[in-house]
Amino acid sequence: MEAGGGPLLPDSVLYEIFLYLDHVDVLSVGLVCQQWHAVARDEFLWKELFYRYYRVSREVPRHPAAVSWYDEFQRLYDTIPCVEVQALKEHNDQVLHLSFSHSGCLFASCSKDCTVKIWSNELDISLQHSSNMRPYNWSYTQFSQFNSDDSLLLVSGVFVGPHNSSSGEIAVISMENFTLLSRVRNKPYDVFGCWLNETNLISGNLHRIGRITSCSVLWLNNAFQGIESENVNVVKRLFKIQNLNASTIRTVMVADCSRDSEEEEAKPKQTPEPAVQELLDDGGVTAEDGLQQFFDDIMEGRVRPAMTETELETKVAELFVRNRTKPPELNLLSTDSNSKTKYLIFTTGCLTYSPHQIGIKRILPHQMTTAGPVLGEERRSDEFFDSLDHVIDIHGHIIGMGLSPDHRYLYVNSRAWPRDCVISDPMQPPPIAEEIDLHVFDLKTMKEVKRALRAHRAYTPNEECFFIFLDVSRDFVASGAEDRHGYIWDRHYNICLAKLQHDNVVNSVAFSPVEQELLLTASDDTTIKVWRSPRTVRVRQARKPRPRKLLFSWLMNQKS
């Protein structure tokens, strides 16, 4: 018998969960389990079970898509990908990243063994292709992403240059015959890179201005550079952004607002960024006058106490950026529900080199192709650097970011700084917490919308801190951690549902985009583990034919 539109839970499960009810004793459980089909219709009982078993605050309402409390209990109990069904051991070093194709038929893995491997996602996952990047002077592969039609794969890695200097490089691989189509330099390497559309990808470059000031340039690159470079532009500069206090642009990704079909709400007026607000409050004094006044104060000895070289460089850069950066627009997001606007999202900072801010920059329609001037559209003299449209402060070291499938929400892994810390030296960031906070931001309002998710931990100190990739499905969010586990939370109830065991750091997780009951985890233990939900495992086992040998043995035993 079924209730709530699905198969009922086994007696053993009911026995376990009923013990959480204060008014149900062990003897009555046995009686209830014999008549559990009747219990399944008791909504009050299942509501009590749900809140007590999953320890959800009663202030959180039932999921709006749920038909009944029974269905909701069953969803969280039976559809979480927490059963290990396969371990892939073809890599021989740390596995750093996983990415699915949009169709869910393939996925790619990157590793310290300097290969990118393509896997076929069938009943049993199998290796389809492996590309070794060492012949191109790569140290290792670190990130990959399929383009929107799954015909191309972007692979990002660490490149060894002259005198053993390290930088980044992006390779584009054809999924038709696994040939290498193009290679693009990418500096620093933790920009990673990403697709803007089917044939154009974004890379980075870094130019030093002073000891702790620099300029990040983001480039749009055509994936088919070797084929088309003789006839058309294959690169174009997108943005040029000034970096202060040793910070740089890292971890770029693109949010596609056209995926969200909901009607946009009226946006509250945004508060200008601090640097812009200070400029507006200067009583009409121009940035040129401020810079000249500052130099006059230095020459005449009016700057007290004496400034160090680093403090002087920072102060000049702040004044310089006022003069060369236009104020950001206050109404960031379009109110047109049919808007095709895309936004570039990346980590950055303003106080120290560790990434502690999220920058957001609108990509205009004419910027989505490499056609036109290589250095972009002509700029006025007061637009030497591009401003950011919005900045989100995290007050901690950002170690991971991921978008929800509809690109409405941004999930951010961070390790918090002490509450009242003061950063006096940009080269010495504050200590960071071991506990990882998983923040959720609504990209329509640019505000944090839920309390931070917690459970996972990291131990690497701030000067060595590395990326922990996360992934978001329709109902769940998953993340790696340094405590040898992957974690899964429910997006609606904000509760941790599963811990997935590995033998070392879990670097990356990936949900199948077409089947959220399938999850992959990648670890420093060199394995990729495949996890499926209890429901999926039962279905797969039911479909397996009984072996003929066992059936023959059973028949012979019956005859004897």
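This is a dialogue on how to read strands, a helix and a loop residue in a predicted model.

Colleague: Let me begin with the open sheet. Which strands form it, and in what order?

Modeller: An open sheet is read strand by strand. Here 4 strands take part, in the order β16-β17-β18-β19, and their pairing is antiparallel.

Colleague: Which strands stand at the edges of that sheet?

Modeller: Look for a strand with a single partner. β16 (250-256) and β19 (390-393) each have just one partner strand, so one side of each has no neighbour in the sheet. From one strand to the next, the twist averages 20°.

Colleague: How many bridges join β16 and β17?

Modeller: The pairing of β16 with β17 (residues 342-348) is antiparallel and runs over 5 bridges. To place the two strands in the view, find D256, which stands opposite K342 in β17.

Colleague: Now to β21. Which strands is β21 joined to?

Modeller: Take the partners in turn. β20 (residues 396-403) is joined to β21 by 7 bridges, and the two run antiparallel. β21 is also joined to β22 (residues 436-442), again antiparallel and with 7 bridges.

Colleague: Which residues stand opposite each other in these pairs?

Modeller: For the pairing with β20, M401 stands opposite V412 in β21. For the pairing with β22, Y411 faces V440 from the opposite position.

Colleague: What lies between β20 and β21?

Modeller: A turn. The two strands form a hairpin with 5 residues between them, and H407 in this turn has a positive phi of about 65°.

Colleague: Is strand β21 mostly covered or mostly open?

Modeller: Count its buried residues, where buried means under 20% relative accessible area. In β21 (residues 409-416), 6 of the 8 residues are buried, and the strand is mostly covered.

Colleague: How many residues of helix α5 are buried?

Modeller: The count is made in the same manner for a helix. α5 spans residues 69-78, and 9 of its 10 residues are buried. Among them are the aromatic residues W69, Y70 and F73, along with D71, E72 and R75. Q74, L76 and D78 are buried as well.

Colleague: Last, a loop residue. Where is P461 found?

Modeller: Place a loop residue by the elements on either side. P461 is in the loop between β23 (447-448) and β24 (470-472).

Colleague: Why is P461 called partly exposed?

Modeller: The label applies because its relative accessible area is 36%, and partly exposed covers values between the 20% and 50% cut-offs.

Colleague: How many residues apart along the chain are P461 and P431?

Modeller: They are 30 residues apart along the chain, while their C-alpha atoms are separated by 7.4 Å.

Notes:
Residues are numbered from 1 along each chain as its sequence is written. This is a predicted model: local features need pLDDT of at least 70, side-chain atom pairs count only at pLDDT 80 or more; totals for chains, interfaces and linings use all residues. Side-chain values use heavy atoms; hydrogens and water are left out. Buried means under 20% relative accessible area, exposed over 50%, partly exposed in between (1.4 Å probe, protein chains only). Two strands pair if DSSP finds at least two bridges between them. Axes are lines fitted to C-alpha atoms, for helices over the stretch in contact, and angles run from 0 to 180 degrees between N-to-C directions.
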